[in-house]
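Good morning, colleagues. Today I would like to take you through one protein model, from its overall fold to a few selected residues.

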Amino acid sequence: LRKNHDLIPALVVMPQCPAGKSWNDPEIAKMALDALEDVSKAYHVDEKRLYLTGLSLGGRGAWYIAARTKGAFAAVVPICGGGDPKDAVKLTTAPIWAHHGTDDKNVPIAETQRIVDAVEQAGGDVKFSRIAGGDHFVWDRVYGDPKLWQWVFAQERGGGANSSDKPAKKSAAPKAKSTDE
């Protein structure tokens, strides 16, 4: 995100997971959400346009937090981090665009494929871009793609099919579901 800040006309909150901890620890997830709430209040953030992204362990955390904050985010962008397929039904309230390098040796791409398949089967709006030849460190490439930010900023939470009590409406993401880049 720091390398591509010119593409992101937004406030960005980047809490760091303490060493030896994980974002799927409820206390650590709460710490991240508290930081977001503090910034949102201080800067009068449009709550219909909160977006969640994370990479690697943070990608796993994005799946985890989105599943436990039904309807809180307008879009979710996990990168190189798999989630728990048991959370699939809880992940149907916001569009998701997952990314993973096909040659990732740190987190197998199958972890992302499993959660993507489960969310899709639950009726969620999920896209999956496989970064051909990409290793674990594809986030600069993903965050550097203007199409990602066009898609993200086109998403808005609330009202109609994208409300927190109904499945997410199908988003106008580029045809990225299970594609190679």
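I shall begin with the chain as a whole, then turn to the cores, the aromatic rings and some individual residues.

Please bear in mind throughout that this is a predicted model. The protein chain contains 5 helices and 5 strands. Read from the N terminus, these elements follow the order α-β-α-β-β-α-β-α-α-β. Of the 181 residues in the chain, 44% count as buried. Among contacts with a separation of 6 or more, 65% are between residues 24 or more positions apart. The chain exposes about 9300 Å², and carbon and sulfur atoms supply 52% of that area.

Let me move to the interior. The largest nonpolar core has 26 residues, and those touching the most other members are Trp63, Val76, Leu91 and Val119. Two or more residues of this core come from each of helix 1 (26-43), helix 2, strand 3, helix 3 (109-121) and strand 4. Which element gives the most to this core? That is helix 2, with 6 residues.

Trp63 deserves a further word. Leaving out residues up to four places away in sequence, Trp63 touches a set that includes Pro78, Leu91, Ile96, Ala98, Ile115, Val116, Val119 and Val126. Gly81, Gly82 and Gly83 are also among the residues touched by Trp63. There is, in addition, a second, separate core of 15 residues, with Ile8, Ile79, Trp149 and Val152 among its members.

Next, the aromatic rings. The whole structure yields 5 aromatic pairs. One of interest is formed by Phe137 and Trp139: the ring centres are 5.3 Å apart and the planes stand at 75°, so this pair is edge-to-face, the cut-off for that class being over 60 degrees. The two partners differ in burial: Phe137 is exposed, with a relative accessible area of 53%, whereas Trp139 counts as buried at 17%. Elsewhere, ring pairs join Tyr51, Tyr143, Trp149 and Phe153 into a cluster. Trp149 thus appears twice in this account, as a member of that cluster and of the second core.

I come now to the backbone. Two residues other than glycine have a positive phi that I wish to point out. Ser56 has a phi near 60° and sits in the loop between strand 1 (51-55) and helix 2 (57-68). Cys80 has a phi of about 50°, and its place is the loop between strand 2 (75-79) and strand 3 (96-101). Is Cys80 buried or exposed? With a relative accessibility of 0%, Cys80 counts as buried.

Cys80 leads us to His100, since Cys80 is one of the residues in contact with His100. His100 lies in strand 3 and counts as buried, also with 0% relative accessibility. What does the side chain of His100 reach at 2.8 Å? The partner is the backbone oxygen of Val107. Beyond its neighbours within four places in sequence, the contacts of His100 also include Pro108, Ile109, Thr112, Phe128 and Arg130.

My last residue is Lys127, in strand 4 (residues 126-131). Lys127 counts as buried, at 13% relative accessibility. Its side chain is joined to that of Asp125 by a polar contact of 2.9 Å. Lys127 and Pro95 are 32 residues apart in sequence, while their C-alpha atoms are 8.1 Å apart in space.

That concludes my presentation, and I thank you for your attention.

Note on methods
Residues numbered from 1 in each chain as written. Predicted model: local features only at pLDDT ≥ 70, side-chain atom pairs only at ≥ 80, totals over all residues. Heavy atoms only, no water. Phe/Tyr/Trp six-rings, centres within 6.5 Å; stacked < 30°, edge-to-face > 60°. Buried < 20%, exposed > 50% of the residue type's maximum accessible area, 1.4 Å probe, protein only. Helix = DSSP H or I, 4+ residues; strand = E, 2+ residues; numbered from the N terminus. Contact = heavy atoms within 4.5 Å. Areas by Shrake-Rupley, 256 points an atom, 1.4 Å probe, with all protein chains shown as cover. Polar contact = N/O pair within 3.5 Å; in protein donor to acceptor, adjacent residues only side chain to side chain. Core = buried A, V, L, I, M, F, W, Y, C linked by side-chain atoms within 4.5 Å.
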